[in-house]
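User: I am new to this structure and would like to learn how to read it. Please take me through it one feature at a time.

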Amino acid sequence: MRRSWILTKLFYCLCLSFILLCGYDLARASASPAPPSPPPRDDVEPQLVTGVTVQPGRPKRPVSDERPRIVAFGNSLTAGLGVPQDQSYPAYLQRTLDAAGYAYRVVNAGVSGDTTAGGIRRVSWVLNSTPAIVILELGGNDGLRGLSLHETQANLERIIQQLQQASVTVVLAGMKLPPNYGQDYTEGFEALYQAIAQRYHLTRIPFFLDGVAGSSSLNQADGIHPTGEGYRLIVEKVFPALEPLLERTR
């Protein structure tokens, strides 16, 4: 009788030990970190994203922008040096086009300090955006540095030739220099834009800074770069020259 009771007690002890041991193993398993998930697939075909629309509470999604492009190709006057980007002339031009119902996308390709020689090196980059129209505003820095008029004209012509060979419509923005550069140089500088426009049959803006140059209220402290209001007025002069081309290429 006593032997049977001892065996029964031993059996219960063994069962209890087994249960505790299993519980310990389960607790360890639940506390252990999950095995790493397989890495994401990298064989998804990449897609070109030209814009992003964001709404509160919604993730970013790609937006295709198939509008023909107008590239504003120039120096700091195009880049909008000294003003917020939404006050540069390309930004004002974009809003003017939108308000007038023209479905074009304006690309700001302005680089501060750029010369006509630098512009030649950037033509291929401009063409990568497949523009329909290019507004060419270069040469001002050449003139302020007193560079050769022959060289400036040759560089502008080379830029225009490459753009026209790619079937791009070119609008040439003319520039003027202060009179302290001498009559011969300033007159020759202004005349080269007219000569180029005639030779290549271009739409020409006679003076890009017309109505803005020399105005203390429309220029920044340096007296060279327009304020936001100055750029807005520039677009008022640029748009009438540009609009007939939009009607033909729309």
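## Reading the model

Analyst: We can start from one residue, T152, which is located in helix α6. Keep in mind throughout that this is a predicted model.

User: Is T152 buried or exposed?

Analyst: The general idea is to look at the relative accessible area, where under 20% counts as buried. T152 has a relative accessible area of 1%, so it is buried.

User: Which residues does T152 touch?

Analyst: Leaving out residues up to four places away in sequence, T152 touches T116, G139, D142, L147 and L192.

User: Which other residues of α6 are buried?

Analyst: A general point about helices helps here. An α-helix has 3.6 residues a turn, so residues three or four places apart point the same way. In α6, the buried residues are T152, N155, L156, E157, I159, I160 and L163.

User: What do the buried residues of α6 pack against?

Analyst: They pack against helices α4, α5 (140-144) and α7 (183-200), and against strands β3 (69-74), β5 (131-137) and β6 (169-173).

User: How do I read the length of a helix, taking α6 as the case?

Analyst: Compare the distance between the end C-alpha atoms with the span expected at 1.5 Å a residue. For α6, with 17 residues, the reach from first C-alpha to last is 24 Å, close to the 24 Å expected. For α7, the 18 residues should span 26 Å, and the end C-alpha atoms are 26 Å apart, which agrees.

User: How do I read the way two helices lie against each other?

Analyst: Look at how close the axes come and at the angle between them. The axes of α4 (residues 116-127) and α6 (residues 149-165) come within 9 Å and cross at roughly 5°. Angles under 35 degrees count as roughly parallel, so α4 is roughly parallel to α6.

User: Which residues make the contact between α4 and α6?

Analyst: From α4 there are T116, A117, G119, I120, V123, V126 and L127. From α6 there are T152, N155, L156, R158, I159, Q162 and L163. By type, the residues of this contact are 8 nonpolar, 5 polar and 1 charged.

User: Which residues of α7 are buried, and what covers them?

Analyst: The buried residues of α7 are Y185, T186, F189, L192, Y193, I196, A197 and Y200. Their cover includes α5, α6, β6 and β7.

User: What comes just after α7?

Analyst: Here the backbone angle phi is the thing to read. Just after α7, H201 takes a positive phi of about 55°, although H201 is not a glycine. H201 lies in the loop between α7 and β7 (203-205). At 71% relative accessibility, H201 counts as exposed.

User: Where else should I look for a positive phi in a residue other than glycine?

Analyst: Look at T130, where phi is near 45°. T130 lies in the loop between α4 and β5, and T130 is exposed, with a relative accessible area of 55%.

User: How do I read the nonpolar core?

Analyst: Ask how many residues it joins, and which of them have the most contacts. The largest nonpolar core here has 56 residues; those with the most contacts inside it are F73, L93, L97, L136, F208, L242 and L246. Helix α8 (residues 228-249) gives the largest share of this core, with 8 residues.

User: Which residues does F208 touch?

Analyst: Not counting residues up to four places away in sequence, F208 touches L77, Y89, E137, A173, G174, M175, I234 and V238.

User: How do I read residues that are far apart in sequence?

Analyst: Set the separation along the chain beside the C-alpha distance. R105, in strand β4 (residues 105-110), is 35 residues from I70 in sequence and 6.1 Å from I70 in space, C-alpha to C-alpha. At 23% relative accessibility, R105 counts as partly exposed.

A second case is P84, in the loop between α2 (76-79) and α3 (89-100). P84 and T227 are 143 residues apart along the chain, and their C-alpha atoms are separated by 9.7 Å. P84 is partly exposed, with a relative accessible area of 45%.

User: What do the totals for the chain say?

Analyst: The chain has 8 helices and 7 strands. Buried residues make up 38% of its 250 residues. Of the contacts with a separation of 6 or more, 72% are between residues 24 or more positions apart.

Definitions and conventions: Residues numbered from 1 in each chain as written. Predicted model: local features only at pLDDT ≥ 70, side-chain atom pairs only at ≥ 80, totals over all residues. Heavy atoms only, no water. Core = buried A, V, L, I, M, F, W, Y, C linked by side-chain atoms within 4.5 Å. Buried < 20%, exposed > 50% of the residue type's maximum accessible area, 1.4 Å probe, protein only. Helix = DSSP H or I, 4+ residues; strand = E, 2+ residues; numbered from the N terminus. Contact = heavy atoms within 4.5 Å. Axes fitted to C-alpha atoms, helices over the stretch in contact; angles between N-to-C directions. Parallel < 35°, antiparallel > 145°, perpendicular 65-115°, else oblique. Nonpolar A, V, L, I, M, F, W, Y, C, P; charged D, E, K, R; others polar. Expected span 1.5 Å × (residues − 1).
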